[in-house]
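Colleague: Could you walk me through the labels attached to this structure? I'd like to see how each one follows from its value.

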Amino acid sequence: MKAYDQPIDRVVFGDNQFFGINHMSQDKAQERAERFAAIENVMAVYDQALEAGVEAIMLNSNHRASEICDAFRADPGRYGHLRWYPSIPYPHKYAAMVNDLGLVGAVQDILFGRGAKSALGKMVRGASAVATLDAVKLMKMLIDEEMAIYEGLDTRCVFLQNIVTDLMLGYDVPDPFVAYCDYIRERFGAWPGLITQNLPFLRAKLQEWGIEGVVICASINKIGYLMSPGTEEYEADLARGDASKYPIMAMSTLASGAVPPVEAYAYINRLNIQSVVFGESSAKNIRQSVSLIDPSAARMREAAE
């Protein structure tokens, strides 16, 4: 059975806490960055998440992703059952390369600049893609390059970062979305996922273009943080949404700490939302979040214990 034939996980553990990301407090962000500089500290938090009942992980393809995935692959007995939700690409890496090398130079460096072994495997496809700037072919090759990080892991959904999703959305053409979604299903057997900061508009365009079977991930919280155009429009869209065609994953549910967990997840659980990705760095907060996002699963775990 393909991953896209199976439902997405209700609870997904994210990674922002490991990389010094906190939109409300730079001090907290720096403190976390220092704490999680060591991979052992990162894996200790993942272990706490597993103990709380988490079975799914979203991981951005950032500068630490390979190291983290290697740690999971090193112990398949403990971690092999986990389901993965990669988020690609890592935009800062490509922005820096384009600034330094130009667009064509950056693509050449990504595809051919890692030694003869990797170049030989991509030479035929890559040479023609760079020479002709075949956008779809280049997209597929760049996806393969990003997804090599997650090789051997059970991939349930592959998300396209909102910086790319919303940029493509602005051009108002379906072709890039069709190509991306088809390739993720064909190449990886996974759900195609799109992260956006405008859920109602994205879903409306996907419906208009006849693109279905896509997981949409968006910031959803009761104060409208990172939600465009606003909570009223999101609530209306979610109320009439079809979860079989567009499962929804909520992120930024706590609005970077502005909304208390009990209040935040009481709001989320009233909406037509299939999944929640969250990030915490303490065992107590992880356990609380899991129990609030999925109360039935929490009760089953407590009964088993």
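Modeller: Happy to! Let's begin with a definition: a residue is buried under 20% relative accessible area, exposed over 50%, and partly exposed in between. Keep in mind that this is a predicted model.

Colleague: What makes Ser252 count as partly exposed?

Modeller: Its relative accessibility is 25%. Partly exposed is the class between under 20% and over 50%, so Ser252 falls there. Ser252 sits in the loop between strand S8 (248-251) and helix H12 (261-268), and its phi is near 50 degrees, a positive value in a residue other than glycine.

Colleague: Why is a positive phi worth pointing out in a residue other than glycine?

Modeller: Because most residues other than glycine have a negative phi. Asp172 is another case, with a positive phi of about 60 degrees. Asp172 lies in the loop between helix H8 (162-171) and helix H9 (175-188). With a relative accessible area of 41%, Asp172 is partly exposed.

Colleague: Which peptide bond leading to Pro89 is it, cis or trans?

Modeller: The bond from Ile88 to Pro89 is cis, with omega near -10 degrees. Pro89 belongs to the loop between strand S3 (83-88) and helix H5 (91-112). Ser228 and Pro229 are also joined by a cis peptide bond, with omega about 5 degrees.

Colleague: Why is the pair of Phe18 and Phe19 called edge-to-face?

Modeller: Ring centres must lie within 6.5 Å to pair, and planes over 60 degrees apart count as edge-to-face. For Phe18 and Phe19 the centres are 6.3 Å apart and the planes are at 80 degrees, so the label fits. Both Phe18 and Phe19 are buried.

Colleague: How do you know that Phe13 and Phe278 are buried?

Modeller: The cut-off is under 20%. Phe13 has 0% relative accessibility, so it counts as buried; Phe278 has 5%, so it is buried too. Phe13 and Phe278 belong to a cluster linked by ring pairs, which also includes Phe36, Tyr46 and Trp84.

Colleague: What makes helix H2 oblique to helix H3?

Modeller: The axes of H2 (residues 39-51) and H3 (residues 65-73) cross at roughly 60 degrees and come within 11 Å. Roughly parallel needs under 35 degrees, and roughly perpendicular 65 to 115. The crossing angle fits neither, so H2 is oblique to H3. The crossing is right-handed. Among the residues that meet are Ile39 and Tyr46 in H2, and Glu67 and Phe72 in H3. The contact residues divide into 7 nonpolar, no polar and 1 charged.

Terms used. Residues numbered from 1 in each chain as written. Predicted model: local features only at pLDDT ≥ 70, side-chain atom pairs only at ≥ 80, totals over all residues. Heavy atoms only, no water. Buried < 20%, exposed > 50% of the residue type's maximum accessible area, 1.4 Å probe, protein only. Phe/Tyr/Trp six-rings, centres within 6.5 Å; stacked < 30°, edge-to-face > 60°. Axes fitted to C-alpha atoms, helices over the stretch in contact; angles between N-to-C directions. Helix = DSSP H or I, 4+ residues; strand = E, 2+ residues; numbered from the N terminus. Parallel < 35°, antiparallel > 145°, perpendicular 65-115°, else oblique. Left-handed = near helix turned anticlockwise from the far one by under 90°. Contact = heavy atoms within 4.5 Å. Nonpolar A, V, L, I, M, F, W, Y, C, P; charged D, E, K, R; others polar.
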